[in-house]
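Visitor: I should like to learn how to read a helix and a cavity in a structural model. May we take one feature at a time?

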Amino acid sequence: MRKFCSFLIGCLTFLSLSAQTPLSQQEAQQVLSQISAAAQQTKTLQAQFVQTKTLKMLNHRLVSRGRMSYAQPTQLRWEYSTPTHYVFVLSGNKVLLGGDRGKNVVDVRQNKVFQQIARLMVSNVTGQCLTDRSFRTQLFSHNGTWIAQLTPQRGEMKALFSQITLTIDPKLAVVSRVVLTERSGDVTTIELSGFKKNQHVAASDFKVD
């Protein structure tokens, strides 16, 4: 559970606004349309990730590595391999949290926080959160990439995060970096690489029983 919470509270490297160019309303709409179309065409997505969490109070960095698998519409596996093994699996309305000390299955319908977190994780991977009215979204271009800065407007997300930043690869129309900053100032960066789109993903990746 601690490993999962680190992910929830995590993910953001600061990007200099002075180096970013705001997109016009027309450009932003074109970007959103392209990402939405790509998300609909992405039946499965696999990638490797490196997660670096910076604890503000301790001035300490924690680095983890693992892999991610996604399948439409709401199946996601987020698996840490180092420094310890831990896995988060979302399949429909169920979430599996597992590690060396055992596993636990949660029905997200019975827990509003888990429901919000599960929705956030899937929408971050696909980029669908860019059109979620729970966030105020600003779009920029930066060094050949798109940057989306999302500010939570209500509920559990607003209580947890002050900002979420996504870096999007225009060629693949996928999120290559998911970054969130916690209200406390703790920051985590997750870099995604080695993307595989619409390739076979084993059904066992999303098994929660």
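Visitor: In which helix is Q115 found?

Guide: This is a predicted model, in which local features need pLDDT of at least 70, side-chain atom pairs count only at pLDDT 80 or more, and totals for chains, interfaces and linings use all residues. Residues are numbered from 1 along each chain as its sequence is written, and side-chain values use heavy atoms, with hydrogens and water left out. Q115 is found in helix α3; helices are DSSP runs of H or I with at least four residues, numbered from the N terminus.

Visitor: Is Q115 buried, partly exposed or exposed?

Guide: Buried means under 20% relative accessible area, exposed over 50%, and partly exposed in between, with a 1.4 Å probe and protein chains only. Q115 has 36% relative accessibility, so it counts as partly exposed. In α3, the buried residues include F114, I117 and A118.

Visitor: What span should helix α3 have?

Guide: The expected span is 1.5 Å times one less than the number of residues. For the 15 residues of α3 (residues 112-126) this gives 21 Å, and the end C-alpha atoms are 21 Å apart, which agrees. Just after α3, G127 takes a positive phi of about 85°.

Visitor: How does one look for empty space, and which residues line the second largest cavity?

Guide: Rolling a probe the size of a water molecule over the atoms shows where empty space is left. On a 1 Å grid over the protein atoms alone, a cavity is a set of points where a 1.4 Å probe fits but cannot get out, and lining residues have an atom within 4 Å of a point. The second largest cavity is lined by A38, A39, T42, L45, V125, T126, A173, V174 and V175. Helix α3 is one of the elements that give two or more residues to this lining.

Conventions. On a 1 Å grid over the protein atoms alone, a cavity is a set of points where a 1.4 Å probe fits but cannot get out, and a pocket is an open set with protein on both sides within 12 Å along at least five of seven lines; lining residues have an atom within 4 Å of a point.
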